[in-house]
Structures are given as structure tokens and as C-alpha cells.
Protein chains: 2
Amino acid sequence: MHASEMAEDFPVIGVEDDAWTAVTQLAENRLPGLVVTDEAGQPLSILPTSQVLRVLVPTYVQDDPSLAGVLTESMADRMCERLRGKKVRALLRDDMPELAVVRGDDTIIEVAAVMARLRCPLAVVMRGQERVGVITASRLLQLALKPAPE
Amino acid sequence: MHASEMAEDFPVIGVEDDAWTAVTQLAENRLPGLVVTDEAGQPLSILPTSQVLRVLVPTYVQDDPSLAGVLTESMADRMCERLRGKKVRALLRDDMPELAVVRGDDTIIEVAAVMARLRCPLAVVMRGQERVGVITASRLLQLALKPAPE
């Protein structure tokens with residue numbers, strides 16, 4: 001089985017898109033993360049949902065959560081305030097995690113190897129410049145466990 | 001809203017349980033990971049699905065996926081062989097990631113702060129020694145965005 005047959009749809013957002021759109025997409029669809037593409041539509045990185053929380057919660061509260069009491073506004077108000085006018089780029093880490101990118105004709109073990117090396121929970125499947133879809137680690141395990149021959 | 005009201009069920013596995021059981025649970029339910037508990041049933045760490053791939057694929061193939069062709073057995077056979085007789089403990093990294101653990105009466109911002117600091121995609125909610133459930137980062141965002149007052 002090749003990567004292009006294993007690929008599924010997965011939500012993608014552009015690095016210049018509105019940060020608020022990314023956050024509502026994560027929240028409403030309860031996603032663990034989004035694939036972020038660059039201005040040319042090529043896969044750039046991954047935005048894990050836990051990373052969004054780092055942007056929303058002030059560092060001094062992350063260091064000492066008991067200080068959360070000093071924040072008088074609600075989490076919703078805080079999100080509006082922190083994200084207003086921001087792009088997706090502002091949500092990414094400076095040392096953004098490398099995204100696993102594989103080719104449509106890669107085998108299941110090649111895909112697993114790339115995801116394993118990068119500790120990346122998903123791989124974007126490309127055919128030339130075209131994005132075919134995404135393979136998550138759990139999808140890969142599911143296919144690997146299937147009794148049918150590969 | 002407090003952590004105990006936000007918590008949901010989430011699959012948990014013991015560190016002394018069979019590794020094969022963990023992997024089939026991840027694959028069949030297409031989970032991004034499992035919460036791992038110690039011998040006393042207390043939350044210990046998280047087992048991300050991508051970490052399982054690191055155990056299944058030899059290091060030299062991770063370093064150079066083009067070498068995957070030398071592996072003659074299927075991914076399924078490889079999984080059987082690599083996991084036979086192993087415990088969940090053998091799947092964990094030596095430097096296992098710290099799991100976010102919060103108290104049932106923690107607020108949404110306190111929970112967000114702990115998850116953000118640890119870059120952990122979920123938090124286990126405890127009431128004393130008892131595990132109430134788990135809050136994922138996307139669940140937290142979803143609740144934070146709800147129009148109702150907290």
C-alpha cells in the first residue's frame with residue numbers, strides 16, 4: 001500500500017490566515033492540531049492545539065498557575081483580546097516543529113520512518129506540488145494491523 | 001467552570017500492561033495517544049502514537065527511509081515481532097514527557113496554564129487519589145469559546 005492510498009482529508013490553514021479562524025476551527029472540530037501551509041500553499045509546519053494555549057496564557061501564569069486568580073477576564077475574553085488582528089504565523093513557535101512530508105508512492109514503512117524520526121503525529125502526502133492528503137500515526141497503525149496483505 | 005466538570009473519559013493503560021494491547025487500542029480507536037498509569041493506577045505519562053512508530057521502525061531506517069526496502073517483512077509482521085512479550089513500559093521514552101495533572105476544582109485558566117507550560121495535549125483531572133477524567137486541549141478551547149458565562 002502506498003501513501004497516496006492511505007491519505008485522508010485533514011484541515012489545513014494558511015500562515016497568513018486569521019489566528020481567530022484557526023482557533024475556532026480547532027475548538028469547533030475538536031482537533032489536536034492543524035497543518036499550516038505557506039503563502040504558496042506548500043506544507044510548512046503543524047500547529048498543535050497545546051501550542052495555542054501557550055499564546056493565550058501569560059508566561060507568569062504558566063510558571064505559577066496559582067496566579068491565574070489575578071486574571072479577571074474570562075478565558076473567552078482573553079482569547080478575543082490576545083488573538084485580535086493576529087495571523088496564524090503569530091501562533092507558531094519560533095523553532096516550529098518540522099512537518100513530516102512524504103511522497104505519494106512511499107510505502108507504509110517509509111511513511112512510518114519519516115514520522116518516527118521527526119516525532120510528528122502526522123505526515124502530509126504530496127504528489128509533486130499537489131497536496132494529496134494527510135496520514136495520522138493512528139491511521140498508519142490501523143492500516144498496518146489490517147489482516148489483508150499490503 | 002471547574003476541571004471536574006470539563007473532564008471526559010479517555011483511554012488509559014497501565015505501564016505493566018501488554019504493549020500489543022496498547023498498540024491495538026491506539027489503532028482500532030484511532031487515538032493520538034494514551035494516558036499511561038503506574039502500578040498504583042496513578043497517572044504517569046502519555047504515550048503518543050508517533051512514539052510507538054519509533055519503536056517499530058529501526059533507527060537506521062528512520063535516519064534514511066530509503067533503506068526501508070531492505071526490510072522484507074510487512075509492517076504487521078514487524079509489529080508482532082517487535083512487540084512480542086513487551087510491556088507498555090518498553091514503548092515509553094527514557095525522558096518521558098511530563099503529563100499535565102490538575103485538580104478537580106482548578107479553573108479553566110489554571111488547566112490551560114499547566115497544559116501550556118508542559119506543552120501537553122491533555123490534562124488528567126484528579127480528585128485526591130481518584131482519576132476523574134481527562135481534558136484535551138481542543139475540549140478546553142471548545143468550552144472557552146462557548147457563549148455561556150463560565
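# A walk around chain B

Start by selecting helix 7 of chain B, which lies across strand 5 and strand 6 of chain B, at about 75° to strand 6. Keep in mind as you click along that this is a predicted model.

**Stop 1: the sheet under the helix.** Now add strands 4, 5 and 6 of chain B to your selection. They form an open sheet of three strands in the order 4-5-6, with mixed pairing. Strand 4 (100–103) and strand 6 (130–136) are the edge strands, each pairing on one side only. Look along the sheet and you should catch its twist, which averages 30° from one strand to the next.

Zoom in on strand 5 (residues 122–127) and strand 6 of chain B: they run antiparallel and are joined by six bridges. To see one pair of partners, pick B:Val124, whose bridge partner in strand 6 is B:Val134.

Next, show helix 6 of chain B as well. Helix 6 lies across strand 4, strand 5 and strand 6 of chain B, and runs at about 165° to strand 4.

**Stop 2: the end of helix 7.** Go back to helix 7 and select B:Lys146, which sits in the segment after that helix. Is B:Lys146 buried or exposed? B:Lys146 has 12 C-beta neighbours inside 10 Å, so it counts as exposed. For a sense of scale, draw a distance from B:Lys146 to B:Val125: the two are 21 residues apart in sequence, and their C-alpha atoms are 21 Å apart in space.

**Stop 3: strands 1 to 3.** Move to the earlier part of chain B and select strand 2 (residues 33–37). Four of the five residues of strand 2 are buried, so this strand is largely enclosed by the rest of the structure.

Strand 2 has a partner in strand 1 (residues 12–14) of chain B, and the two pair in the parallel sense over three bridges. Click B:Gly14 and you'll find it opposite B:Thr37 in strand 2. Add helix 2 of chain B to the view: strand 1, helix 2 and strand 2 make a right-handed β-α-β unit.

Strand 2 also pairs with strand 3 (residues 43–48) of chain B, this time in the antiparallel sense over five bridges. Here, B:Val36 has B:Ser45 in strand 3 as its bridge partner. The hairpin of strand 2 and strand 3 has five residues between the strands, and B:Gly41 takes a positive phi near 85° there.

**Stop 4: where the chains meet.** Bring chain A into view. How many residues of chain B are in contact with chain A? There are 47 residues of chain B in contact with 47 residues of chain A. The elements giving two or more residues to chain B's side include helix 2 (19–28), helix 3 (49–56) and helix 5 (75–83) of chain B. Helix 6, which you met on the sheet, gives the most, with nine residues. Colour this side of chain B by class and you'll get 30 nonpolar, eight polar and nine charged residues.

**Last stop: the axis.** A rotation of 180° with 0.0 Å of shift along its axis superposes chain B on chain A, with an RMSD of 0.0 Å. That is the relation of a two-fold axis. To find the axis from chain B, select B:Pro32: its C-alpha is the nearest in chain B, 4.1 Å from the axis. Both copies use the same surface, since 100% of the contact residues of chain B recur in chain A.

Terms used. Residues are numbered from 1 along each chain as its sequence is written. Chains are lettered from A and ligands numbered from 1 in the order in which they are written. This is a predicted model: local features need pLDDT of at least 70, side-chain atom pairs count only at pLDDT 80 or more; totals for chains, interfaces and linings use all residues. Two residues are in contact if their C-beta atoms, placed from the backbone, lie within 7 Å. Ala, Val, Leu, Ile, Met, Phe, Trp, Tyr, Cys and Pro count as nonpolar, Asp, Glu, Lys and Arg as charged, and the others, Gly among them, as polar. A residue is buried if 20 or more other C-beta atoms lie within 10 Å of its own, exposed if 12 or fewer, and partly exposed in between; C-beta atoms are placed from the backbone. Two strands pair if DSSP finds at least two bridges between them. A crossover is right-handed if, with the strands pointing away from the viewer, the path from the first strand over the helix to the second runs clockwise. Axes are lines fitted to C-alpha atoms, for helices over the stretch in contact, and angles run from 0 to 180 degrees between N-to-C directions. Copies are superposed by least squares on the C-alpha atoms of residues with pLDDT of at least 70 in both.
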